[in-house]
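Hi,

Here is the structure I promised to hand over. Have a look at it first, and then read my notes underneath.

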Amino acid sequence: MDHQKMRETDPGKKFFYGYTIVGASLIIMSAMWGGYYAFGVFFKPVLNEFGWTRAMTSGAFSLASLMNGLLTIGMGWLTDRFGPRVVMTLCGLLLGLGFIMMSQVHAPLHFYLSYGVLVGAGMSGSFVPLISTVSKWFLKRRSLMTGIVAAGTGAGALTGPVIASMLIPLYGWRASYMIMGGVLLSIIILFAQLIKKDPTQVGQLPWGENPIELKEKAKNDGLSMKEALSTSQFWIFFATGSCYGYCVFTIMVHITPHAIELGIPSLLAAKLIATIGGLGILGKVFWGRVGDTIGDRQILMIGFIFTFVALICLVPIKTPWMLFGAVSIFGFGYGGITVSHSPLIAELFGLRSHGLIFGVFNISVMIGSATGPWLTGYLFDLTGSYRIGFLLASGISLSGIILSLFLKTKRAAG
């Protein structure tokens, strides 16, 4: 019996289905985040048509971030209970429908319902269910595989805004939302059918050095959600998530409008997000591999250091090549932060309630991502410049560096 179980996880005897999970998750994540990050490209056309303030226009993205964060807890719980296939199918339907309805927007209420509510609800399955599932398939190489799947957010940032910037001049922003919505709905629902909850569903064990032992450990070891919430480590980690969300989504929403304000052509400005995405892919895979060696707490700290440097550099920059240099540093650095989250949760609290804990943690990211774009837009409306907004974001990234110093790599006690 033991020999048979060992053969089930021997890559020489049978293909390990975990790699299918990684591939399908990467495609889904790329599609979802590509659509989400395209918001910055749609920003100016929507602003020009309706004449709204930047704060009002950014507010729909902030509402989507809040919906994302609030519903992520439920999506994490549903993933633990029913598996990611059901969750991702539902989220694909919501996200696609939200984009399609954006083509019919004529008032702020429609805008906020379509993007803020429906797109936000759809995006609640864009990260936690997929990354949490990968953690259950891989005990060894967990950080690397997490990095590969998380690179989908970078791939989305690399492709989504560029596609939107090509569609809008040809078809207008309304038809472009319709086209992207249909494509997103089809891709997400199709590839969601390939996602399995854990290796036992296909008669395999998690990839690891000692599969049988590690399977038992993954099943029984770790803290419950209630036990995790009672630890100081959870709340320190939670605070780093807000710092991360604030900085990343502030840049993703406002870097393109900022570049246009500097006189950079809109098509070139859209490529800034693509640059962040491209360097984010490299950063997530690179830091994921390094995290397996030096530890994920160190990767979290290093990522915040890169983010801080990039944000400080953005304040005085006026020329396109310097702007591209700063966002390259930003993309490479934020990739490290992203890839550290799921492995750190597994390391600090175990796999017993990984999806649920990850979902609750993700609220902190969404709090930051809801606050950052809105506050930065509001500060621009007040001052006519992004200078104060970017300075504030750099200070928040510095807070992330300090907080990461207080995280302990030893498993928290319940």
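Below are some notes on a helix pair, a core and two residues.

This is a predicted model, in which local features need pLDDT of at least 70, side-chain atom pairs count only at pLDDT 80 or more, and totals for chains, interfaces and linings use all residues. Residues are numbered from 1 along each chain as its sequence is written, and side-chain values use heavy atoms, leaving out hydrogens and water.

Let's start with the helices (DSSP runs of H or I with at least four residues, numbered from the N terminus). Helix H5 (residues 84-102) and helix H8 (residues 142-192) have axes that come within 7 Å and cross at roughly 170°; axes are lines fitted to C-alpha atoms over the stretch in contact, with angles from 0 to 180 degrees between N-to-C directions. H5 and H8 are therefore roughly antiparallel, a label for angles over 145 degrees. Residues in contact (heavy atoms within 4.5 Å) include Gly92 and Phe99 of H5 and Tyr177 and Gly181 of H8.

Next, the largest nonpolar core, meaning buried Ala, Val, Leu, Ile, Met, Phe, Trp, Tyr and Cys residues joined through side-chain atoms within 4.5 Å. Buried means under 20% relative accessible area with a 1.4 Å probe, protein chains only. Of its 114 residues, Met32, Trp33, Tyr36, Tyr37 and Tyr115 touch the most other members. Helix H11 (residues 232-261) gives the largest share, 15 residues. Leaving out residues up to four places away in sequence, tyrosine 36 touches Phe61, Phe99 and Phe249, among others.

Finally, is serine 114 of helix H6 (residues 108-123) buried or exposed? Serine 114 is buried, at 3% relative accessible area. Beyond neighbours within four places in sequence, its contacts include Gly98 and Val119.

Enjoy exploring!

How values were computed. Helix = DSSP H or I, 4+ residues; strand = E, 2+ residues; numbered from the N terminus. Parallel < 35°, antiparallel > 145°, perpendicular 65-115°, else oblique. Buried < 20%, exposed > 50% of the residue type's maximum accessible area, 1.4 Å probe, protein only.
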